[in-house]
Structure formats: C-alpha cells, structure tokens
Amino acid sequence: MKKLINDPRAVVDESVEGFGMAHADIVDVHPEPKYVIRKGAPVAGKVALVSGGGSGHEPLHAGFVGLGMLDAAVPGAVFTSPTPDQIIPATVAVDSGAGVVHIVKNYTGDVLNFETAAEMAQAEGVHVRSVLVNDDVAVEDSLYTAGRRGVGGTVLVEKIAGAAAERGDGLEAVAAIAERVAANVRTMGVALSGCTVPHAGTPSFELAEDEIEIGIGIHGEPGRHRIAMESADAITDRLLEPVLEDLSISSGDRVLLFVNGMGGTPQSELYIVYRRAAQVLAERGASVERSLVGNYVTSLEMQGCSVSVLRLDDEFVRLWDAPVHTAALRWGV
C-alpha cells in the first residue's frame, strides 16, 4: 500500500485539519468531537442543513459546506458512520431557531446514528427533519443497508435543498424539496478497480485486469455483477439503462445529467461517459438542461464512475442555478 499518509489511524484527523486550514474563509473545524461548520454559522433565521458519513468520499460532505449548501458536515472514520456524539453538537451549533434538516444517505449506521442524534437534538429544543437519500438502482439490499443505497444523488439533494434554505424557505418546505429531489434522482456506478482503506492495507475487492464490477456502492462493496471489460459506450449504456427505466424517462422530460468519478478516473474519461449518456438521453427525446462532471462522491482511489439523472422542473432549475460557495462547488457569487 502506497499512500500519502503518516499514520493510518490519523488519516481523518489530519485530513480534516488540512481541509480547515485550506478553506478557512468558508468553514470552521471543530476538532473534538469532529465536525465542520459554515463560517459564521448559525445564519440568523435560516433553516440549517446537516449531513455526514464515513470519510473517504471527499469532497462529500465537508466540501459542500458553505453558502447555498450545507451548514455542517460530520465526518466519521473511513467508510464508517459518524457517531451521535458528533452529530448532536454539529446540529445544535448551526441551529438559528429555524430548525435543521438532516440529509442522510441510506446506510444502516448513518440512519441509526442520525436518528439517535435527531432525537437528542429535539430534546435540546432543536426542530429536526430528516430526509433519506436512496438513489442507487443497482441493488435493493447490501452489506451496508436495507433498501437502496444513498450515492451520487446526495450532492444534488444537498445543492437544491441548500438553495431553498438560503432563499428563506421554512423547515417543512426545505425538507419537502429535499424529499422531492431524492424521489426524482437515480444513480448507478461501475468500478474498474477496488480501493484500499488505510487501516486495512489491502484492496476491498480484487478485479482482474480484464474485469469490471457493475453496480458498486461507494464503500468498495461489490456490485450487481462482474463482467469482462467493455468500451466506454457499452459500460455507459449498462449504467444508464436501469436509471432511465426506474425514472421512466421519456420524450419531453427535462433532466440534469451528473457523471461522478470514484476518485481514480481521469476527467477526460468522465467526459467520454458523459458524451455517450447525453447521446442516449437525446435519442429518447429528453432534454439535458443542466450537467455536472467530476469527482464529487468518491471511494478513495477507486477507478470508475457513476451516472446520475435527476428529473427537472422549473423550481429545481432555479435552485440549481442559485449561488453556491463551497470548497467543491461554487458559482453565481
């Protein structure tokens, strides 16, 4: 294992510390218990958004803390849920009195720990609404979750709900928009290689030089099936078809197309995937009105990508285009 680390046990601590130093104009880092909050939080009168999960998916979630997105992010150990002892103080720290929306990816540890934290925060007088993201169409159940996993679509939920909170929507309205985005986005991913958790020292799974794994999650867990390597267009078709089928995308639909890198794939290859996905959508008569391409929800150094499609309406477009200023996403400011 070759990684730019000092001590495998200190990876998250040192990474989060470095993140805070690099983006001190946007965030504040609370070291113990560990969480990241928006500079100047709480924002008076604004509903706050809090999310989190295991580390190793950077820039998710800390990279999306800032104006127009999250007010706090709670990083757990690599591929491990944060604890209620982290989530509770982060929730309290960003509450202005307008309430807090927890955006939770559908993994068993995340769900249980955020539920516990929400109950405890409520006991401290914070109004909390929780929204579950479960956009992965690859599997119904995995080692990590009951039901579909929360993957790339989480970024789109956080951006659009964050814009709604920024414009002054109330707690129930922000939660409703987040739920509506989650209900209209689907994702599927592929791995060309496994990834190595620092404290484990060995890859999460092995692939032969001519093999790929279709339908992987973001924790290095295996996918739907393993097949021989194919062309980029053929792989993209395999990822996109179940997404479009699940969403019932047809002629006249307006969509946002998101091609996400898993950490080890060059941007040039992601654009090849985007090219094919956009062609398929055009052939179906769907209009790609917005797009996002890059490494936003990663799995350490895994080679591969995921393809997400979000069905758009006028409100989603306005909220997507609204100003955002975070470490990983920024426009309109």
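Two residues are in contact when heavy atoms of theirs lie within 4.5 Å. Keep that in mind for arginine 226, a handy place to start in this predicted model.

**Around arginine 226**

Arginine 226 belongs to strand 9, which covers residues 225-228. Setting aside residues up to four places away in sequence, arginine 226 touches Phe205, Glu206, Leu207, Glu211, Ile212 and Glu213. Two of these neighbours come up again in polar contacts. With glutamate 213, arginine 226 makes a side chain to side chain polar contact of 2.7 Å. With glutamate 206, the partner is the backbone oxygen, which lies 2.9 Å from a polar atom of the arginine 226 side chain.

Is arginine 226 buried or exposed? Neither label quite fits: its relative accessibility is 38%, so it counts as partly exposed. If you'd like a distance to check in the viewer, try glycine 215, which is 11 residues away from arginine 226 in sequence and 9.0 Å away in space, C-alpha to C-alpha.

**Strand 3 and its partners**

Next, have a look at strand 3, residues 48-55. Eight of its eight residues are buried, so the strand is largely enclosed by the rest of the structure. Strand 3 pairs with strand 4 (residues 72-78) in the parallel sense, over six bridges. In that pairing, serine 55 sits opposite valine 78. Strand 3 also runs parallel to strand 5 (residues 100-105), and four bridges join the two. Here the pair to look for is alanine 48 opposite valine 100.

**Glutamine 86 and the loop by proline 33**

Glutamine 86 is part of helix 2. With a relative accessible area of 10%, glutamine 86 is buried, because the cut-off for that label is under 20%. What does its side chain reach? It gets to the backbone oxygen of lysine 34, at 2.9 Å. Leaving out neighbours within four places in sequence, the contacts of glutamine 86 are Pro33, Lys34, Tyr35, Val74 and Pro75.

Proline 33, one of those contacts, has something of its own to show. The peptide bond leading into it from glutamate 32 is cis, with omega near -5°. Proline 33 is found in the loop between strand 1 (27-31) and strand 2 (34-38).

**Some backbone oddities**

Most residues other than glycine have a negative phi, and most peptide bonds are trans. Besides the bond before proline 33, the peptide bond from leucine 60 to histidine 61 is cis, with omega near 0°. Histidine 61 lies in the loop between strand 3 and strand 4.

Then there are positive phi values. Phenylalanine 79, not a glycine, has a phi of about 60°. Phenylalanine 79 sits in the loop between strand 4 and helix 2 (84-94), and at a relative accessible area of 12% it is buried. Leucine 300 also has a positive phi, near 55°. Its place is the loop between strand 11 (287-294) and strand 12 (304-311). Leucine 300 counts as partly exposed, at 22% relative accessibility.

**Pockets and a cavity**

Finally, the empty spaces. The table gives their volumes and the make-up of their linings.

| Space | Volume | Lining residues |
|---|---|---|
| Largest pocket | about 570 Å³ | 16 nonpolar, 10 polar, four charged |
| Second largest pocket | about 180 Å³ | nine nonpolar, four polar, two charged |
| Largest cavity | about 40 Å³ | four nonpolar, three polar, one charged |

The largest pocket is lined by 30 residues, and those nearest its centre are Val11, Ser15, Ser55, Gly56 and Glu58. Helix 1 (11-22), strand 3 and strand 4 are the elements that give two or more residues to this lining. Helix 1 has the largest share, with six residues.

For the second largest pocket, with about 180 Å³ of space, 15 residues form the lining, and the closest to the centre are Leu192, Ala232, Ile235, Glu269 and Val273. Helix 6 (232-247), helix 7 (267-283) and strand 12 each supply at least two residues of that lining. Which element gives the most? That's helix 7, with four residues.

How many cavities of 30 Å³ or more turn up in a search of the whole structure? The search finds one. The residues lining the largest cavity are Asp136, Val151, Thr187, Gly189, Ile216, Ile218, Met262 and Ser306.

How values were computed. Residues numbered from 1 in each chain as written. Predicted model: local features only at pLDDT ≥ 70, side-chain atom pairs only at ≥ 80, totals over all residues. Heavy atoms only, no water. 1 Å grid on protein atoms, 1.4 Å probe; cavity = no way out; pocket = protein on both sides within 12 Å on 5 of 7 lines; lining within 4 Å. Points joined across faces, edges and corners; volume = space filled by probe spheres on them. Nonpolar A, V, L, I, M, F, W, Y, C, P; charged D, E, K, R; others polar. Buried < 20%, exposed > 50% of the residue type's maximum accessible area, 1.4 Å probe, protein only. Pairing = 2+ DSSP bridges. Polar contact = N/O pair within 3.5 Å; in protein donor to acceptor, adjacent residues only side chain to side chain.
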